[in-house]
Amino acid sequence: VQLQASGGGLVQAGGSLRLSCEGSGVTFSTTSVGWYRQAPGKRRELVAHIDRHGTTNYDASVEGRFAISRDSAKNTVYLQMNSLRPEDTAVYYCKLISLGNNYWGQGTLVTVSS
């Protein structure tokens, strides 16, 4: 199983980015996938999650601004991030759980300038 995260970059506060997590060796429609982030000096935290049924949940800090979705045909999970804030600055990782194993993507850096 391999995960490839992409889509990070530098954006001004109030802007938008869309992150992608493309998987190989696993079928996304049968697994749960989460987007996590880790800011400098802080622990990694879950920001959004989608399970195999398509049920989504979000951390309170991103509720209403971020949206996680899945394209099963492309085996890709997206994180649409709107109304970005400087405190959203972090390295974003996707994680997949399959058969009790956790698989992480390599991370993509999101920097939000004020």
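The following questions and answers concern the core and the salt bridges of a predicted model. Residues are numbered from 1 along each chain as its sequence is written. Local features need pLDDT of at least 70 and side-chain atom pairs pLDDT 80 or more, while totals for chains, interfaces and linings use all residues, and side-chain values use heavy atoms, without hydrogens and water.

Reader: Which strand gives the largest share of the largest nonpolar core?

Author: A nonpolar core is a set of buried Ala, Val, Leu, Ile, Met, Phe, Trp, Tyr and Cys residues joined through side-chain atoms within 4.5 Å; buried means under 20% relative accessible area, exposed over 50%, partly exposed in between (1.4 Å probe, protein chains only). The largest such core has 28 residues, and F28 and W35 are among those with the most contacts inside it. Strands are DSSP runs (E, at least two residues), numbered from the N terminus. The largest share, four residues, comes from β9.

Reader: Is R37 buried or exposed?

Author: R37 lies in strand β4. Its relative accessibility is 6%, so R37 counts as buried.

Reader: Which residues are linked with R37 in a network of salt bridges?

Author: A salt bridge is a side-chain nitrogen of Lys or Arg within 4 Å of a carboxyl oxygen of Asp or Glu. R37 pairs with E45 at 2.8 Å and with D88 at 2.9 Å. D88 also meets R65 at 2.8 Å. The residues linked with R37 are therefore E45, R65 and D88.

Reader: How many residues apart in sequence are the parts that D88 and R65 tie together?

Author: Both D88 and R65 are buried. D88 lies in the loop between β8 and β9, and R65 in the loop between β6 and β7, so the parts tied together are 23 residues apart.
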